[in-house]
Amino acid sequence: MPRIDSETVNKILDAADIVEVVSDFVHLQRRGANYIGLCPFHNERTPSFSVSKSKGICKCFSCGKGGSAVNFIMLHEQMTYQEALRYLAKKYNIEIVEKELTPQEIEQATERESMLAANEFALQHFQHNLTETLEGQNIGLAYFRQRGINDEMVSKFKLGYSIDKRDDLLKAAVSKGYKEKYLLETGLIGKSEKGEYYDRFRGRVIYPVASISGKIVAFGGRVLRSDKPGGKYVNSPESIIYRKSYELYGLYQAKSAIVKRNKCVLVEGYMDVISMHQKGVENVVASSGTSLTEGQIRLIHRFTDNITVIYDSDAAGIKASLRGIDMILAEGMNVKVLQLPPGDDPDSYSQTHSSTEVEEYLSTHEIDFIKFKINILLEGVGNDPIQRAKVVSDIVKSIAVIPDEIARASYIKECSFTLNFDEKILSNEVAKVRNNILEQEFKKVKAEEAKREYGDDNNDKSDTQQKVEQQVAESDSTADVFIGEILKKDRSQQLKPYEETILRYVLKYGFGEFKAGVDDKGQSIVCTVADYIRTAMDQEKLSFSISKYQHIFDAVLSLRDTWESEKLIFNEQALYIRKQQWIDGEEKIRREAQTLDEIERKEKDLLAECDADYFKALKDFDFNFVERRLASSPDDEIRNTTTDLVTEKYQLSKIHTKYANIPEERDTLNELLPRSIFELENAILELDITDLNDGLKAESSKPSPDSGLIVSIMAKILEKQKLKKVYAKLIGDRVITPVSRM
């Protein structure tokens, strides 16, 4: 799909009214300057979904979801950024001109784009074969109908057929300008030992595999002839556009239903997904016959915390796949399991039961995974104490991977009752397994740190490996030490509140005017908020310790040229509005005023009002520019973080504001911005002093401490404590300019 140019994107963002967009899905009521309604992303009885027309942002203060108009559509409709832009363009009648790629453009495209284009061509070719050719209708379409699949599902899942000829697709693609190189890399064609190309999927029905954004990244082909050599299924090989451990069949078609039902149903094969969709159960995806991977689990977790895994009645197959469930638990998801009647799989059960029966069976037969696992593992064990101990050990391993402490405790209590096992012993065993998990994670972190520190040059590989092993061997293995080391080493978490405050000011007021002080001649030094923060941090040799925050700060600074050019356009519009306001007001004065003095007085007031509105519009444009642009950024990290930081969670009550003159935050930036820098400096000093004291304590406790080093550490501590007193005073005073701590 071609990209939308930046000029059109800006037109869409400027035209999109957040209140109008959200109102298409949520009933909104006005409350002060904002609007409020029931959150569309979770069930609630009391409205907590707030929409700010002036900021162009919505936010649920219960579940945290929201954002700009683009982000709202992305979340609600489960669209990509580009798809959401197209949705809004259609709503506001903004034309987007698109064109098909010519052979020359295909040749110039990047490898990834060329491979996706080749797959898109193959998709259309396979679909055409299925419905428009005699072979496709008599073999492919007949197969799907024999399996009970209707035309709606054929269209929904873009099913197809590959003609049973050696080079049918190859010839068609090459004639349209697609290179053999990309057809080979996508796996659409293969290459024989003689160097001859052939269609990989010939003589098979085709199941296209779509990414989460709807792009076709792979195909699965099922053979229909029993005399054809090779396996029943042939699948696309992995490539730069297809990593099977990060894709789920049917997710593109199911994602909206998953969000709506807040649950994902996991099955095994293509036909399982299609048949269940046909019966109205649309929140279904498949791992396509592969073992479940962490990448696939995290993909599901983006849409829901809840997953139901459907098994057939094969106990041996179930036991073999239990490890995948442990991976789901480790991701912090809630897992239920459903076992179908003997002889059934999701496809066959859906085909032989009504929609109501399928829905009813799913809702009444799913059980918690731990209960299910206990039942499966206890089958045939009887009263054998050794076998029962193995079952307990296996269950303990599953419970130990669950990250939530309360959930672990609940499962321990339940297993104690079900297995008739002492709860305290179970709890201790879970703790041991969990500590081992933490130890392995800690060793992995230490090994990575050592590799980064000593490098990975091939010439010194043995030395590096020895140092890595030495560091790992010296590390304490207890969970408490692991957690303590992480907290001590990772300053970003301790500095996060201070850095977050600074970044929030930049996002909320980025290019607004800020008086940074006075020069030698007593003239005010005026700059933007973003420039002040950048200069102050440069002077103090500061940067954001959290890489995400630094990335967003850099994005703000990169907007300067855009802001300046768009402000020129906005200024012309504001001047036009001011002119119209004057014309309309003057006509009213001429109609209503009775004396010349009254005309002059009202014209003077009108002029002041027009000027005030004009300058306020310019000021608002400057202050709001950054948040409006970044809240609609195509970068997920920038867009989501901006929305979180600029949204006001709390508002002063009417009673509080009625009897007090509360200044707006942006009117007190002269105090807030310098203080935010000083508070970050002060926090860094506190961490420095803590680390120095720890070092002093460690050195002093040695059998033969280095007295010279101890004196140096004590002197450094004293120096930093004096500087900390300076910052404490600055933080408490109204201040303008930063003071270097160097």
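Contact here means heavy atoms within 4.5 Å. By that rule Arg 434 touches Ala 400, Val 401, Ile 402, Pro 403 and Arg 408, leaving aside residues up to four places away in sequence. The model is predicted.

**A buried arginine**

Arg 434 sits in helix 21. Its relative accessible area is 19%. Buried means under 20%, so Arg 434 counts as buried.

**Salt bridges**

Side chains of opposite charge can pair when their charged atoms come close. The structure holds 32 salt bridges. Three of them are set out below.

| Pair | N to O distance | Relative accessibility |
|---|---|---|
| Asp 24 and Lys 91 | 2.7 Å | Asp 24 44%, Lys 91 30% |
| Asp 167 and Lys 171 | 3.8 Å | Asp 167 22%, Lys 171 56% |
| Lys 508 and Glu 665 | 3.8 Å | Lys 508 3%, Glu 665 23% |

Take the pair of Asp 24 and Lys 91, with N and O 2.7 Å apart. The two residues are 67 residues apart and link distant parts of the chain. Asp 24 lies in the loop between helix 2 (18-23) and strand 1 (29-31). Lys 91 belongs to helix 4 (residues 81-91). Asp 24 is partly exposed, and Lys 91 is partly exposed too.

Asp 167 bridges to Lys 171. Asp 167 is partly exposed, whereas Lys 171 is exposed.

Which parts does the bridge between Lys 508 and Glu 665 tie together? Lys 508 lies in helix 24 (residues 491-509), and Glu 665 in the loop between helix 30 (654-658) and helix 31 (669-700), so the bridge joins parts 157 residues apart in sequence. Lys 508 is buried, while Glu 665 is partly exposed.

Salt bridges with shared partners also build a network. Asp 531, Arg 534, Arg 560 and Glu 564 are joined in it.

**Positive phi outside glycine**

Most residues other than glycine have a negative phi. Lys 158 has a positive phi, near 55°. Asn 420 also has a positive phi, of about 55°, and is not a glycine.

Where is Lys 158 found? Lys 158 is in the loop between helix 8 (151-156) and strand 6 (160-162). Asn 420 is placed in the loop between helix 20 (405-419) and helix 21 (423-454).

Is Asn 420 buried or exposed? Asn 420 counts as exposed, at 70% relative accessibility. Lys 158 has a relative accessible area of 31% and is partly exposed.

Terms used
Residues numbered from 1 in each chain as written. Predicted model: local features only at pLDDT ≥ 70, side-chain atom pairs only at ≥ 80, totals over all residues. Heavy atoms only, no water. Helix = DSSP H or I, 4+ residues; strand = E, 2+ residues; numbered from the N terminus. Buried < 20%, exposed > 50% of the residue type's maximum accessible area, 1.4 Å probe, protein only. Salt bridge = Lys/Arg side-chain N within 4 Å of Asp/Glu carboxyl O.
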